[in-house]
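Reader: Hello! I'm new to this structure and would love a close look at one part of it. Could you walk me through a loop and the things around it?

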Amino acid sequence: TTEIYTLSLHDALPISRTKIVYTKQTDPAELERCCEAWSRGCGNLPAFPFDKPEDLYPLEAAGILNGFWRRDGDAVTDKYRPYSQYHGIELLMDPKLPVTADLHRLTESAMVIGPLLRKPKCSKAKKKEDIQKEKKILEAAGKQLLLLGLFLDRMRIRKEDYMENLPYLYGQLLKAADELHELYCDVVRDGQKPQELVGSSMFRSVSESPLRMLPVLSQRIMPYYAWAKVYRRKSDNENRKHAARAGWLYRVCEQITTRLWNSQTVPSRFNDEEKAQLFIGYLASFSEKEMKLEEESNHES
């Protein structure tokens, strides 16, 4: 039996409240298939070192796509809203709906938010406003990741494949560079850290010119890489923990670089699909191979 589902939702506008009605003729079996495809797409992601939503409600999609961000971390969501509130329902009910334009819009925000999430950890007390801003950015990033996973799934780009692709590995290398730089500052500079770490300072440039920025990244990471190679040999009790982490990060950088060079030729520019993979790789946890290296380093220490 075919049933007609009428979905009604309210969109809060600055002037008045507008009721938007989305109507589609469907049946329970189709609705179930669409929901399964949606959940599968949102799960098209690796593990992350921070908590993110388990799933994404379709009505949240428009708000994510309408989210614009300044480079200082302030959200700009009240000036321009190109997506209708029911767009997420369209995405849910039509798994074949093209998402090229949606992906382009979302990667624009991702390229701004990415570096904001990799700010160096500071021991100084933070203002309440800064903590709230960081929490808001992290929540937005979690939902962006779910939507990116969905869009890549719609384009038949699954995590089992893209986690071996060059853009994802490039993002992982930027992440490793950040962590190595931060460890160096903790040990050598008594915790004094710059506003931006190596990877975060280069993230936007890499997203636009990956080939040109690769030798720049190699040059900028080399002092910390060389330091880690020597410092990992420290065996006294005071330095043992940091030395083990330095050795682990040294091997992580080495392993990711090898995988990156063996994957494929570095392009002169990334398209939107590749930018999405770069963003995911930059925020994702290191792979199981790198985690095993960490276990080995802790065992040795």
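Author: Happy to help; what follows starts at one loop and then moves outward to rings and helices. Please keep in mind that this is a predicted model.

Let's begin with the loop between α7 (166-188) and α8 (198-208), where you will find Lys193. Is Lys193 buried, partly exposed or exposed? Its relative accessibility is 24%, so Lys193 counts as partly exposed. The side chain of Lys193 has two polar contacts to look for. One joins Lys193 to the side chain of Glu182, at 3.2 Å. In the other, the side chains of Lys193 and Asp186 meet at 3.1 Å. Now look along the chain for Pro120: 73 residues separate Pro120 from Lys193 in sequence, yet their C-alpha atoms are 6.9 Å apart.

The loop between α7 and α8 also holds Asp190. Asp190 has a phi near 55°, which is a positive value in a residue other than glycine. Asp190 counts as exposed because its relative accessibility is 69%. You can find a positive phi elsewhere too: for Arg156 the angle is near 65°, again in a residue other than glycine. Arg156 sits in the loop between α5 (128-154) and α6 (159-162), and with 77% relative accessibility Arg156 counts as exposed.

Next, the aromatic rings. How many aromatic pairs does the structure hold? There are nine. One of them is Tyr162 with Tyr168: the ring centres lie 5.9 Å apart and the planes meet at 55°, so this pair is tilted. Tyr162 and Tyr168 are both buried. Tyr170 and Phe270 make an edge-to-face pair, with 6.2 Å between centres and 85° between planes. Tyr170 belongs to helix α7 and Phe270 to the loop between α10 (240-263) and α11, so this pair ties together parts 100 residues apart in sequence. Both Tyr170 and Phe270 are buried. There is also a cluster, in which ring pairs link Tyr184, Tyr224, Trp227 and Tyr231.

Following the chain to α11 brings us to a helix crossing. Helix α4 (residues 100-116) and helix α11 (residues 272-283) have axes that come within 9 Å and cross at roughly 35°. This crossing is left-handed. On the α4 side, the contact includes Leu103, His104, Thr107 and Met111, while α11 brings residues including Lys275, Ala276, Phe279 and Tyr282. Sorted by class, the contact of α4 with α11 has eight nonpolar, three polar and three charged residues.

Technical notes. Residues numbered from 1 in each chain as written. Predicted model: local features only at pLDDT ≥ 70, side-chain atom pairs only at ≥ 80, totals over all residues. Heavy atoms only, no water. Axes fitted to C-alpha atoms, helices over the stretch in contact; angles between N-to-C directions. Helix = DSSP H or I, 4+ residues; strand = E, 2+ residues; numbered from the N terminus. Left-handed = near helix turned anticlockwise from the far one by under 90°. Contact = heavy atoms within 4.5 Å. Nonpolar A, V, L, I, M, F, W, Y, C, P; charged D, E, K, R; others polar. Buried < 20%, exposed > 50% of the residue type's maximum accessible area, 1.4 Å probe, protein only. Polar contact = N/O pair within 3.5 Å; in protein donor to acceptor, adjacent residues only side chain to side chain. Phe/Tyr/Trp six-rings, centres within 6.5 Å; stacked < 30°, edge-to-face > 60°.
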